[in-house]
Amino acid sequence: MFSTDDTIVAIATPAGRGGIGVVRISGPSAGVVSSGLLQLATPLKPRYATFARTHGDQVVATYFPAPHSYTGEHVVEISAHGSPVVLRQILEQAMSLGARLAEPGEFTLRAFLNGRIDLVQAEAVADLIDAVTPLQARAAFDQLEGTLTERIASIDSSLFDLTAKLEASLDFPDEGYHFVEAGEASSAVRGIEHEIDALLCEVRLGRLIREGARIAIAGKPNVGKSSLFNALLRAGRAIVTPTPGTTRDLVTETADVDGMRIELVDTAGLRTTTDEVEIEGVARARRAWTSADLLLVVLDRSCALDGDDVALLEETAGAPRMIVANKSDLPAQWDRTEIADAAPLAIVSSKTGDGLDALRALIRATLEGANPATARDTAAVTNVRHAALLERARGALRRAGDALEAPDGPVAEEFVLTDLQEARVALEEVTGRRTSEDLLRHIFGRFCIGK
Ligand SMILES: Nc1nc2c(ncn2[C@@H]2O[C@H](COP(=O)(O)OP(=O)(O)OP(=O)(O)O)[C@@H](O)[C@H]2O)c(=O)[nH]1
Ligand SMILES: [Mg+2]
């Protein structure tokens with residue numbers, strides 16, 4: 001998988017019919033393969049789209065000579081009519097001319113191996129392709145542009161400075177911090193630790209953006225849970241009727257709520273019943289509530305609160321939740337002061353759509369919790385792998401800082417250096433300066449063919 005001395009080929013556009021389909025060839029003999037494939041009057045001019053014929057189609061070919069291409073190698077991209085048959089023929093001809101079928105993500109892997117991008121950026125390419133909300137796309141794009149890469153590079157260069165000074169001291173036989181005082185070293189370490197802390201603060205938000213959150217809707221029968229579910233989805237997905245006990249099973253759909261990817265779960269209305277189906281529905285509802293990142297507790301504002309509402313508010317008190325007072329288009333029968341509850345409250349009408357935008361914003365703000373980001377912010381860290389490595393770096397820095405500030409004088413440089421070195425190794429693993437074949441296999445295995 002890791003040799004780059006052969007030439008690879010793949011269809012880069014999605015399977016099936018399309019207006020245009022692209023075949024991408026990368027490697028040392030991309031030029032040779034494409035000239036065997038294309039009937040050309042003159043050789044391809046670098047970076048010029050050129051009309052040509054293959055043996056069965058009219059195409060436009062573009063040649064990107066190394067190193068100024070996506071992979072850093074010679075690349076030829078052939079745009080053909082988007083027929084699976086035509087594309088397959090071009091692919092097969094390229095293979096008969098010596099190219100090998102690319103593995104998933106192998107173009108991007110080559111870009112990484114050739115130093116065009118680092119590992120964070122390679123992972124961002126896959127995230128960008130997988131993005132389903134604009135916010136996810138923007139977070140991935142920021143990483144592709146190098147926001148995290150740059151922040152890690154700056155942290156690593158401070159670490160490099162400090163390690164160099166401490167290492168230099170080791171050459172002196174007598175003890176003591178020769179090129180940097182222990183106090184100065186410890187404040188440098190604490191400063192770096194602080195920068196990593198700042199990155200880690202974004203992890204929660206980053207994971208929300210990248211992976212999305214699960215929100216369950218809870219409430220008594222007939223308060224309008226399914227109507228709210230449909231309104232948030234902007235689709236008539238769940239059945240709505242005036243009969244209490246309409247929803248019996250969990251209904252789950254993915255929604256884009258204020259840019260966040262949300263898995264929304266509608267549940268059966270909570271009530272005591274002897275109906276076997278409904279009993280199971282209520283049991284499922286309760287299980288869905290406990291696995292949710294956020295619970296929307298729906299109350300009907302057009303009916304006075306009753307014992308069931310109070311019981312539900314008590315039952316869900318320990319969960320991360322918001323209260324949604326529904327049916328605001330009807331005369332209100334109670335107000336906020338009647339609920340002794342600190343949870344955020346939104347007043348909406350699932351019927352008219354009133355208050356739904358405010359509800360969406362409140363959902364996002366509540367999920368973001370302690371780290372509210374403005375609508376334009378995204379997080380630099382969205383990936384669990386990065387977060388775990390940053391945690392490891394922070395742990396090592398903490399030990400180094402403590403060693404430098406030890407009550408009976410700073411610990412010898414060697415020990416501090418071991419910790420600093422560990423922090424650097426973790427950072428290098430984030431960007432992929434240090435990496436293993438297994439890790440690369442894992443990361444690039446989730447790419448699509450042709451990327
Ligand atoms: N006026 C008004 N009626 C609403 C509103 N939301 C829901 N309803 C009505 O309330 C009734 C019950 O709505 P559903 O969405 O089925 O309620 P539910 O909570 O899912 O009910 P179950 O599935 O039986 O637990 C229907 O007749 C809806 O049209 C609202 O905002 N305003
Ligand atoms: Mg329902």
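This passage describes three helix pairs and the surroundings of ligand 1 in a predicted model.

Two packed helices are described by the angle between their axes and the distance between the axes. Helix α6 spans residues 147-170 and helix α7 spans residues 182-201. Their axes approach to within 10 Å and cross at roughly 165°. Angles over 145 degrees count as roughly antiparallel, and α6 and α7 are therefore roughly antiparallel to each other. The crossing of the two helices is left-handed. On the α6 side, the contact involves L148, R151, S154, I155, S158, L159 and L162. These residues meet A185, A188, V189, I192, E195, I196, A198 and L199 of α7. By class, the contact of α6 with α7 comprises 11 nonpolar, 2 polar and 2 charged residues.

A second pair is formed by helix α4, residues 119-130, and helix α15, residues 437-445. The axes of α4 and α15 come within 10 Å, with a crossing angle of roughly 25°. Because angles under 35 degrees count as roughly parallel, this value makes α4 roughly parallel to α15. Helix α4 contributes L119, A122 and E123 to the contact, and helix α15 contributes L439, L440, I443 and F444. The contact of α4 with α15 contains 6 nonpolar residues, no polar residues and 1 charged residue.

In the third pair, helix α9 (residues 225-233) packs against helix α12 (residues 356-368). Here the angle is about 85° and the axes are 11 Å apart. The range from 65 to 115 degrees counts as roughly perpendicular, so α9 is roughly perpendicular to α12. Residues L228, A231 and L232 of α9 meet L356, L359 and R360 of α12. The contact of α9 with α12 divides into 5 nonpolar residues, no polar residues and 1 charged residue.

Ligand 1 is surrounded by 24 residues. The closest of these are K225, S227, G245, T246 and T247. K225 and S227 also fall within the residue range of helix α9. Polar backbone atoms of several residues lie at short listed distances from ligand oxygen atoms, as follows. For N222, a polar backbone atom is 3.0 Å from an oxygen atom of ligand 1. The corresponding distance is 3.2 Å for a polar backbone atom of K351 and 3.3 Å for a polar backbone atom of G269.

Key: Residues are numbered from 1 along each chain as its sequence is written. Chains are lettered from A and ligands numbered from 1 in the order in which they are written. This is a predicted model: local features need pLDDT of at least 70, side-chain atom pairs count only at pLDDT 80 or more; totals for chains, interfaces and linings use all residues. Side-chain values use heavy atoms; hydrogens and water are left out. Axes are lines fitted to C-alpha atoms, for helices over the stretch in contact, and angles run from 0 to 180 degrees between N-to-C directions. Helices (H or I, at least four residues) and strands (E, at least two) are DSSP runs, numbered from the N terminus. A crossing is left-handed if the near helix is turned anticlockwise from the far one by less than a right angle, and right-handed if clockwise. Contact means heavy atoms within 4.5 Å. Ala, Val, Leu, Ile, Met, Phe, Trp, Tyr, Cys and Pro count as nonpolar, Asp, Glu, Lys and Arg as charged, and the others, Gly among them, as polar. A residue is near a molecule or strand if one of its heavy atoms lies within 4 Å of it. A polar contact is a pair of N or O atoms within 3.5 Å; within protein, one must be able to donate a hydrogen and the other to accept it, and residues adjacent in sequence count only if both atoms are side-chain atoms.
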